[in-house]
Amino acid sequence: MPQPLLTLSFHRACTRIHKRLPLWACVLALWQPQWQPWARSAELEPAIAVIVGPGPTQVLPQSMVAGIFLRKRQFWDNRSPIVPVNLPASHALRRNFSLWLLKRTPEDLQDYWNDRYFHGVLPPPVLASEEAMIRFVAVTPGAIGYVSACLVDKRVLQAALIVSPEGAAPCAR
């Protein structure tokens with residue numbers, strides 16, 4: 001005998017949890033993808049690779065990367081200037097980078113940069129695409145940027161990996 005799609009015990013549990021919601025609201029809650037653990041894996045974003053140009057490099061802790069992109073740290077250990085570069089604020093990878101690493105949206109950071117401007121600190125310059133980011137970082141001494149981890153190639157080195165709190169989607173290569 002086939003099992004009913006929704007059992008009475010499910011409805012009781014749902015209404016107990018959700019403060020006496022009608023059955024249709026419980027069904028709607030199950031239908032929403034953000035409440036379906038089995039549907040979340042399809043929504044995972046690829047990890048973000050923090051990249052630097054070729055040469056001697058080290059693995060950078062995320063706190064150091066955050067300090068670099070907030071322009072709190074402006075020099076490498078060898079006293080050469082750090083040149084961080086960003087993607088446009090509307091770019092999905094920039095939004096994820098800001099949320100996952102800096103815990104703020106690009107829009108929220110606008111007030112931060114307005115305040116820093118009056119202290120003589122400018123935000124990192126913006127490049128149009130991930131390919132432009134790779135090319136710039138590959139040829140500019142002291143440059144640091146970020147791209148999708150799936151795009152890292154031999155022109156640059158990965159110095160850190162930023163992953164969503166939910167995990168990272170595998171690269172389709």
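Start with the largest cavity of this predicted model. Select F69, N86, R94, F97, S98, L102, L109 and W113: these residues line the largest cavity. The space inside comes to about 60 Å³. How many cavities of 30 Å³ or more are there? The count is one. In general, rolling a probe the size of a water molecule over the atoms shows where empty space is left.

Now colour the helices α5 and α6. These are the elements that each give two or more residues to the lining of the largest cavity. Which of the elements gives the largest share? That is α5, with four residues.

**Next stop: the sheet**

Show the strands. Four of them form an open sheet, in the order β2-β3-β1-β4, with mixed pairing. At the edges sit β2 (83-84) and β4, each pairing on one side only.

Select β1 (48-52). On one side, β1 runs antiparallel to β3, and five bridges join the two. Find I48 and look across to S148 in β3, which stands opposite. Then find I51; its opposite number in β3 is G145. Turn to β4. This strand also pairs with β1 in the antiparallel sense, over five bridges. Here V50 stands opposite A160.

Show the side chains of β1. I48, V50 and V52 point one way, while A49 and I51 point the other way. In a regular strand the side chains alternate between the two faces of the sheet. Is β1 enclosed or open to the outside? Five of the five residues of β1 are buried, so the strand is largely enclosed by the rest of the structure.

Add α4 (62-69) to the view. This helix lies across β1, β2, β3 and β4. Its direction is at about 110° to β3.

**Last stop: the core**

Nonpolar side chains tend to be buried together in soluble globular proteins. The largest nonpolar core here holds 40 residues. Which members touch the most other members? Select I51, V65, F97, M133, I144 and Y146. Then highlight the elements that each supply at least two residues of this core: β1, α4, α5 (92-102), α6 (106-117), α7 (130-139), β3 (143-148) and β4 (157-162).

Centre on I144. Leave aside its neighbours within four places in sequence. Its contacts then include V50, I51 and V52. L60, I68, F69 and W76 are also among them. So are I82, V83, P84, V85 and V137. Two names return from earlier stops: F69 also lines the largest cavity, and I51 also stands opposite G145.

Notes
Residues numbered from 1 in each chain as written. Predicted model: local features only at pLDDT ≥ 70, side-chain atom pairs only at ≥ 80, totals over all residues. Heavy atoms only, no water. Core = buried A, V, L, I, M, F, W, Y, C linked by side-chain atoms within 4.5 Å. Buried < 20%, exposed > 50% of the residue type's maximum accessible area, 1.4 Å probe, protein only. Contact = heavy atoms within 4.5 Å. Pairing = 2+ DSSP bridges. Axes fitted to C-alpha atoms, helices over the stretch in contact; angles between N-to-C directions. 1 Å grid on protein atoms, 1.4 Å probe; cavity = no way out; pocket = protein on both sides within 12 Å on 5 of 7 lines; lining within 4 Å. Points joined across faces, edges and corners; volume = space filled by probe spheres on them.
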